[in-house]
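Colleague: I have a model open and want to learn how to read its charges and its core. Where do we start?

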Amino acid sequence: MSTNIHFIDVLKRCKQSSKEAVENLEGFSEFKKYMHVQRPVEKELEHHINDANQSNQAQLILVCGGVGDGKSHILSFLKDKYAFLTDSDRFYLHNDATESFSPRKTSIETLAEVLKPFSDEEIGKEQKMNIVLAINLGALNNFIDADEGKKFTRLKDYVHAKKIMDSVVIEEESVDDHIFKYVNFSDYHMYELTENGPQSSYIKGILQKITQKSDYNPFYQAYLREKNDYSEITQKNPIIQNYELLQHDDIQEKIIDLLIQSMVKEKLIISTRALLDFIYNILVPSSMDNVEHEKLMELIEDQDFQSYTACLLPFQLFDREDASTIHQAINHINPTQYRTEMLDQHLIDFKSRKDGAYLFSQYIDVNRAPYFAKSLVPNSPWKSEDKKNNLFKNDLIKLFVYLYYLIPREPHNSFEDQVYNQYMNYLFHWNRKSWSKLSKLYREDVRDAIYKWNGEGHGGLIYVQIGQPQTHYYALRKLEIEPALERVDPRQEETLMKFLPMLTIAFRPKGGEPVEIDIDFSLYSLLIRIKNGYRPNKKDKFQFIKFVEFIEQLSSKGNDKNELIFESKKFGKSQRYRLTYDDLFNQYSFTEM
């Protein structure tokens with residue numbers, strides 16, 4: 001890499017529009033080599049490829065997953081790493097998403113031709129060509145179900161035996177394990193689960209590649225050159241300041257936590273491409289993007305303090321909703337949405353003090369942003385009563401909240417989401433099958449919400465919907481349920497790399513079959529609110545229709561089908577009646593309770 005390249009130009013290599021963002025199997029640049037961070041799925045694939053190279057039996061290695069999850073990148077990396085992968089007599093690497101033999105052929109016809117050596121007719125014949133196939137799960141499913149797939153029944157049986165298409169992380173043995181191998185990127189995530197909360201060694205690795213103080217780091221070396229060549233305006237350069245903030249481990253951890261929360265709460269899928277683009281956008285404000293370096297230096301030199309402040313990393317992190325889908329997701333968990341007694345007191349202080357600027361030095365580790373720290377008081381908008389300063393005052397109050405989240409002087413828990421923390425703890429133990437740690441989830445959180453969903457019936461009674469909704473009369477039914485647990489040996493890993501990203505909970509009505517429900521974070525947070533007294537409205541019931549159906553299935557399979565309770569609610573008074581059916585004498589009885 002040229003030593004004359006400017007810092008902003010090195011950062012631009014992270015942009016989504018950069019040529020470095022385009023992946024193919026034929027090239028792996030020096031920059032990509034430097035940026036490469038090993039993932040657990042890569043180790044698994046590398047193991048299969050090395051085994052195939054040493055085997056006398058030709059193998060088909062399926063590299064499965066979704067769009068943009070890094071299949072092409074890892075294959076490019078391994079092809080660059082292992083010379084034998086370029087030996088056309090031993091290996092053929094095919095990317096189903098990008099390669100085609102003929103424009104007249106459909107993707108399925110092309111795939112059938114590529115995989116012909118592993119068709120039912122050819123699979124027993126002597127051959128030594130290994131095929132590594134990168135393919136999205138949808139395309140694989142379409143192929144094995146197509147007419148062409150009828151010639152590949154052994155491959156189809158293998159895919160079903162390994163449950164490649166299913167949301168599970170367990171699999172069965174196949175008679176063709178010696179011929180077919182697979183890795184499924186969808187089994188892995190950009191974060192790992194631990195008992196102490198989720199973490200992401202991959203995102204941390206990417207951030208370290210960009211910020212580490214190393215002679216081999218092109219970002220850091222360009223940063224040093226920029227500081228040396230433009231020393232007079234470096235302190236006013238918000239891009240330099242943002243980079244220096246990002247070098248701090250605790251800020252990296254806060255950003256990683258935000259990204260994981262976005263993936264869990266907003267069901268966001270983050271590709272490496274999107275992650276690098278996000279990092280670029282939190283370092284480089286939009287006003288300085290696509291500006292030639294010479295003009296950029298002039299812009300920085302001429303900017304006022306208010307403009308400088310607007311370019312700082314906290315605003316680029318939380319206030320750029322239009323920059324990317326990641327920014328949109330982070331905006332939904334913006335720290336300004338939190339309300340705690342301590343945070344509210346700090347915000348009140350801004351109103352009661354003559355100059356709110358002094359609160360930054362009191363509660364924020366503001367020396368991490370030296371130019372901001374020394375310029376804030378002299379440029380404080382509180383020094384003037386001019387209404388023109390109100391906007392800047394509001395921006396600084398918002399910045400205070402952002403910095404109180406990122407770099408407080410003293411640790412605090414004002415932004416802790418206890419419901420999220422509990423959900424992630426349950427997710428870890430559920431994937432581990434550590435049932436003893438999940439008693440509260442089953443017996444309180446979910447069970448209480450089932451009985452309170454349509455109103456609390458008490459005494460094991462559940463409200464049921466019969467006919468049109470009524471305002472004065474309601475029906476209840478006795479329902480006894482128990483958790484239905486899968487009795488398997490718990491996993492022993494302390495850190496889970498492969499896991500399902502949501503809970504699948506099952507309850508069994510007394511004498512009935514188990515009924516399952518998938519619980520993601522959104523549903524779990526609603527269930528906790530219901531447990532604490534919230535009554536779901538029509539919008540909730542429409543959004544979580546699967547949970548409504550889950551309760552209906554439990555109720556319909558309930559143990560007491562010969563009894564209904566009717567409740568009359570008028571003028572603040574409630575009266576219940578019992579309707580029972582005696583099947584022995586074929587008689588109904590209706591009594592007041």
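Modeller: This is a predicted model. Start with Lys-236, which is buried yet has no salt bridge.

Colleague: How far is Lys-236 from the nearest side chain of opposite charge?

Modeller: A salt bridge needs a Lys or Arg side-chain nitrogen within 4 Å of a carboxyl oxygen of Asp or Glu. For Lys-236, the nearest opposite charge is Asp-302, 6.8 Å away.

Colleague: Where does Lys-236 lie, and what does it touch?

Modeller: Lys-236 lies in the loop between helix H10 (231–234) and helix H11 (238–246). Setting aside residues up to four places away in sequence, Lys-236 touches Ile-300, Glu-301, Gln-303, Tyr-308 and Tyr-371.

Colleague: Is Asp-302 buried or exposed?

Modeller: Exposed means over 50% relative accessible area. Asp-302 has 65%, so it counts as exposed. Asp-302 lies in helix H14.

Colleague: Which residues gather with Asp-302 in the patch of negative charge?

Modeller: Glu-232, Glu-292, Glu-294, Glu-298 and Glu-301 join Asp-302 in that surface patch. Helix H14 (residues 293–302) gives the largest share, four residues.

Colleague: Now the core. Why does Ile-326 count as buried?

Modeller: Buried means under 20% relative accessible area. Ile-326 is buried because its value is 2%. Its place is in helix H17 (residues 325–332).

Colleague: What is Ile-326 in contact with?

Modeller: Leave aside neighbours within four places in sequence. Ile-326 then contacts Leu-259, Leu-268, Ile-270, Ala-274, Leu-275 and Phe-278. Take Ile-270: it is 56 residues from Ile-326 in sequence, and their C-alpha atoms are 7.6 Å apart.

Note on methods: Residues numbered from 1 in each chain as written. Predicted model: local features only at pLDDT ≥ 70, side-chain atom pairs only at ≥ 80, totals over all residues. Heavy atoms only, no water. Patch = residues over 30% accessible without salt bridge, like charges linked within 9 Å, V, L, I, M, F, W, Y side chains within 5 Å. Areas by Shrake-Rupley, 256 points an atom, 1.4 Å probe, with all protein chains shown as cover. Lys, Arg positive; Asp, Glu negative; His and termini not counted. Charge placed at Lys NZ, Arg CZ, Asp CG, Glu CD. Helix = DSSP H or I, 4+ residues; strand = E, 2+ residues; numbered from the N terminus. Buried < 20%, exposed > 50% of the residue type's maximum accessible area, 1.4 Å probe, protein only. Contact = heavy atoms within 4.5 Å.
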